[in-house]
Amino acid sequence: MFAYNLKLAFKSLNDRPSLTILMVAAIAVGLGLFMTMLTLSHQAGKIPMPHISKQIHLVQLDNREVTADEAENFNQMVDLTYQDTQNLLKLPSSGVEQTLAWNTNGILNVEEQEIQPQRSSVVATNQAFFTMFEVPFLYGKGWDSDADQFSQAVIVLSKKSNDYLFGGINSVGKQVRLNTHVLTVIGVLDDWFLARKFYDRSYYQAWPDQAFIPSNFAFDSDLPRNARFDCWSTTTNPGKFRTNYLTELKTSECAWITFWAKLPNHNLEDYKTQLGQYIDSQKRLGRFPRENQYFLTNINDQLEVISKMIGREQMLGVISYMFFAVCLINAVSILLAKFMRRTKEVSLRRALGAKKRTILQQHLIEVVFIGIIGGLFGILFSYIGLQAMLRVSLYASDYVRTAADLMPYHQMDWEMIMMAFTVSVSCTLLVGLYPIWRICNVSPASQLKAQ
């Protein structure tokens, strides 16, 4: 009987093909827009390094003036001053890894004349950065503690920079110039995808950095400091610290360096105690005039706060939900019109002994097939929609970002593909319930009598 109903369902799809096409189109177009927005939200909402993200904490100390506003979360709190980062790095913390990061920039160049100089975004950090954040390497490795201590002129290149400057070969041991400074390549990163670039608190998508250098080398070379300087009101023109007055900056109360600690659960309370003790010790030196306050915020909690502040995906998501709902309502009308045209056929089958269960099975099979076909075309429309959004993102960035960097945010993974089929079939079944109920409850006597 199932095979017979399957045959009837296929036959019914070819009956009145215009209504079938309209039904599939309504499902596919609505699903395409819905899955486009859902995929963008899904990719943007991924947690970087999910297996250790709850151990990676942003460290912030409240060194602000007494008159400063209260901070309710990490996003309203300043980063660390230079002197605090140096002091915290010296804390005896067994089992705790700490790193810092601040942004600079420069012109990367090599000796080959045919290679044009590349303006690059560079991260100044320390050796723990690569182990804490499990940065993948294609060639070489990160520098050691001696490079930090003695300000060695070493550099780690991104895969993209290595491809541009050296044609993708193993460049470890080769030299590059950063502005006028000659540095030795010590490592080359492999592809490193972060859903959001958290380590500099920008939380940008598809804005990878081109190189990494020791922080002390960057200070000694007086490289520009691309940072937001949160200074006391007594500091005039904090912007001057971007390129000058390094000695004054190091002793000032200007917070500008992002600081991170990897804290396994058993070390968290001990580290909090150390931070409290450190603040107390600094108070005795005349610093930290406010009540003891610090923030330790893991990556998950940070992205939860940031996602509430970024409303574009939520707005587009609401629009896609509404559009999909309209398409489903239209699908109900189309399906009802398609089914109700065969009331005489169904009545005749019922009069000849066919049970409601048999009629129900046939139409459920037909609806499932419509859902599967709608899902296939919906995935196609989703691909088209994601490619369109990719080009919108490229245009919005004035083509500073590349399609290769943006592509991971604009493609469906297997989870999204399976969800597309699930949503398509389940929603088609949902909208088909009323038309199926109507056709199964038609009175055979009324239809045959009319004949």
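# Strands, spread and two residues

Biologist: Side chains alternate along strand 6. Val-176 and Leu-178 point to one face and are buried, while Gln-175 and Arg-177 point to the other and are not. What does buried mean here?

Modeller: Buried means under 20% relative accessible area; exposed is over 50%, and partly exposed lies in between (1.4 Å probe, protein chains only). This is a predicted model, where local features need pLDDT of at least 70 and side-chain atom pairs count only at pLDDT 80 or more, while totals for chains, interfaces and linings use all residues. Residues are numbered from 1 along each chain as its sequence is written, and side-chain values use heavy atoms, leaving out hydrogens and water.

Biologist: How many helices and strands does the protein have?

Modeller: There are 16 helices and ten strands. Both are DSSP runs numbered from the N terminus: helices are H or I with at least four residues, strands are E with at least two.

Biologist: Why is the protein called more spread out than a compact globule?

Modeller: Set its radius of gyration against the globule rule. The value is 31 Å, and the rule gives 22 Å for 451 residues. The protein is well over the rule, so it counts as more spread out than a compact globule. The radius is taken over C-alpha atoms, and the rule is 2.2 Å times the number of residues to the power 0.38. The C-alpha atoms fill a box of roughly 100 × 60 × 40 Å along the principal axes. Buried residues make up 49% of the 451.

Biologist: What makes strand 2 largely enclosed by the rest of the structure?

Modeller: Count its buried residues. Strand 2 covers residues 97–109, and eleven of its 13 residues are buried, so the rest of the structure largely encloses it.

Biologist: Which strands pair with strand 2?

Modeller: Strand 9 (residues 258–262) pairs with it over five bridges. Strand 3 (residues 118–125) pairs with it over eight. Strand 6 (residues 175–178) pairs with it over two. Each of these pairings is antiparallel. Two strands pair if DSSP finds at least two bridges between them, so strand 6 qualifies with its two.

Biologist: Which residues stand opposite each other?

Modeller: Gln-98 faces Ala-261 in strand 9. Ala-101 faces Thr-125 in strand 3. Leu-108 faces Leu-178 in strand 6.

Biologist: What links strand 6 to strand 7?

Modeller: Four bridges join strand 6 to strand 7 (residues 181–189), and the two run antiparallel. Gln-175 has Thr-184 in strand 7 as its bridge partner. Strands 6 and 7 form a hairpin with two residues between them. In the turn, Asn-179 has a positive phi of about 60 degrees.

Biologist: Why is Asn-109 called buried?

Modeller: Its relative accessibility is 16%, so it counts as buried. Asn-109 lies in strand 2, and its bridge partner in strand 6 is Arg-177. Asn-109 touches Ile-115, Pro-117, Val-176 and Arg-177, not counting residues up to four places away in sequence. A contact needs heavy atoms within 4.5 Å.

Biologist: What makes Ser-93 count as buried?

Modeller: Ser-93 has 15% relative accessibility, so it passes as buried. Ser-93 sits in the loop between helix 3 (82–89) and strand 2. With the same exclusion of sequence neighbours, up to four places away, Ser-93 touches Tyr-271 and Gln-274.

Biologist: What separates Ser-93 from Asn-109?

Modeller: They are 16 residues apart along the chain, and their C-alpha atoms are separated by 40 Å.
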